[in-house]
Amino acid sequence: ARGAMMAASPSAAGGFSASGLSVRKSEEIESLIDLFSKTQYRAKEVTHRVEVIEKHCLELFARDYKYSVIQNSNGDVCGHYPRQIVFLEYECTDVEKDRFESTVQISKLQDLVNRSKLARCRGRFVCPVILYNGKHICRSSTLAGWGELYGRTGYNYIFSGTAHSQKLIFSKNKKNGDSQLFDKVRGHDIKLLRYLSVRYICDLMVENKKVKFGLNVTSSEKVDKAQRYADFTLLSVPYPGCEFFKDYKDRDYTAEGLVFNWNQDYVDAPLTIPVCFTQNLDIDWTQYQSWDLVEQTQNYLKLLLHIINSDDESGLLVHCISGWDRTPLFVSLLRLSLWADGAVHASLEPAEILYLTIAYDWFLFGTCCFFLNQTLFFLLQIFFFCFNFLKHIVSEKFSVKKQRSFHFCPLILPCCVLPHHLSRCPFLSERQARLESVREVFLAAYSSTVGLKSSAPSPSGAISGLLEQFARGVGLRGTNAIV
């Protein structure tokens with residue numbers, strides 16, 4: 001990270017507030033990251049601190065959108081989804097401009113959500129989270145396998161405890177019973193997808209099915225034997241899970257040159273993308289197993305952006321296994337990339353869009369980062385990677401705009417950074433200035449809360465990671481490692 005601070009113009013950030021307000025926003029982000037690193041959100045165990053976060057997210061959504069709420073009081077539908085799930089209906093910033101308006105009835109949507117919740121792992125149903133040109137970008141977990149379905153206490157919800165349901169559950173013909181069960185739950189899932197006009201499903205799993213103790217705990221649309229999802233465009237885009245980000249940490253948070261080992265026994269999902277999406281992208285997809293983490297993430301994001309721009313009517317679903325590591329990574333990158341182009345959340349400034357995506361896309365959707373075991377700790381690494389990665393998507397190659405934006409020399413500092421550091425950078429595009437501002441606000445807040453520890457001492461005895469360099473550059477730290 002550079003010591004000199006990147007600046008952004010009022011046009012890039014939607015206008016900056018007074019310094020006192022900027023400091024408050026910085027403190028809010030620090031408090032949010034601190035809470036996120038220590039606890040997992042549970043809809044039925046909400047504190048006043050969490051209520052403030054929930055309320056603030058609704059306020060930020062309301063700046064640019066008319067929305068309805070999918071009720072999830074006390075986690076009745078999903079225990080680790082927000083209590084009030086925002087369903088964005090249309091943009092409302094400028095009442096005079098043409099707008100895309102949702103035709104979805106919230107009561108019908110609520111009913112479909114309630115019916116479909118058992119179809120997916122941990123009850124993490126298909127949930128719309130971003131509205132782009134009238135199209136919904138959704139998130140979820142992967143499909144539940146029979147091992148999970150039979151083992152969940154909410155199983156009888158589908159069948160209402162009728163005699164017929166008991167016969168189905170305990171059918172002597174298990175194969176027939178499984179088939180009817182999957183027809184039921186996955187049928188509801190498909191109805192929800194169609195109601196949200198989702199056509200494209202991007203599966204980030206590196207395996208076809210998740211097997212634990214010999215049971216198929218989870219499955220995937222791409223290996224549904226009955227081909228129930230044949231009418232959807234399925235993309236298998238395998239991306240390493242949070243455990244892989246231990247290597248990212250061990251390399252002092254350097255993603256360049258870090259390549260996933262595709263030869264591991266459990267990795268059996270090949271990259272599969274329809275030709276209609278590959279022919280317009282200058283990417284050699286046959287080489288995906290040789291890409292490092294930077295190139296792989298860049299190319300997958302380009303693909304997702306291309307998908308949502310290629311169809312004027314259909315939405316997109318992105319999911320991994322549980323939907324709380326790789327899924328928020330790409331949902332967050334999509335939200336920030338589109339915001340940088342002025343295509344979503346147009347009125348939010350850098351600190352505000354950062355707060356929204358951390359709070360809503362990560363914390364309120366149950367991502368768990370507290371330090372009780374290694375897997376949860378690795379989630380914190382993929383979280384950090386997400387926002388540090390913004391430096392790799394500032395190019396206009398990631399822009400959804402048809403034309404390159406006007407270049408300007410930013411003169412006004414982004415909120416939440418120290419005012420005595422002026423930009424020494426050359427001319428920046430509007431997109432670059434916005435993303436650099438978000439990244440720097442994040443690094444400042446992260447360095448003063450969680451911080452990073454180097455896996456091994458550097459020759460100088462100080463951390464060689466980018467956070468220490470950044471912190472020293474802006475005067476947040478004197479010497480020694482960040483703790």
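Which residues are linked with Lys25 in a network of salt bridges? The network joins Lys25, Arg63, Glu349 and Glu352. A salt bridge here is a side-chain nitrogen of Lys or Arg within 4 Å of a carboxyl oxygen of Asp or Glu.

This is a predicted model, in which local features need pLDDT of at least 70 and side-chain atom pairs pLDDT 80 or more, while totals for chains, interfaces and linings use all residues. Residues are numbered from 1 along each chain as its sequence is written, and side-chain values use heavy atoms, without hydrogens and water.

**Exercise 1.** Count the salt bridges, then place the pair Arg199 and Asp311.

*Solution.*
- Step 1. The structure holds 22 salt bridges.
- Step 2. In the Arg199–Asp311 bridge, the closest N and O atoms are 3.6 Å apart.
- Step 3. Arg199 sits in strand 5 (residues 198–203). Asp311 lies in the loop between helix 10 (293–310) and strand 9 (315–319). The two are 112 residues apart, so the pair links distant parts of the chain. Helices (H or I, at least four residues) and strands (E, at least two) are DSSP runs, numbered from the N terminus.
- Step 4. Arg199 is partly exposed at 39% relative accessibility; Asp311 is buried at 12%. Buried means under 20% relative accessible area, exposed over 50%, partly exposed in between (1.4 Å probe, protein chains only).

**Exercise 2.** Describe the salt bridge between Glu436 and Arg439.

*Solution.*
- Step 1. Their side chains meet at 4.0 Å, N to O.
- Step 2. Both residues lie in helix 14 (residues 430–447), three residues apart, about one turn of the helix.
- Step 3. Glu436 is buried at 6%, and Arg439 is buried at 7%.
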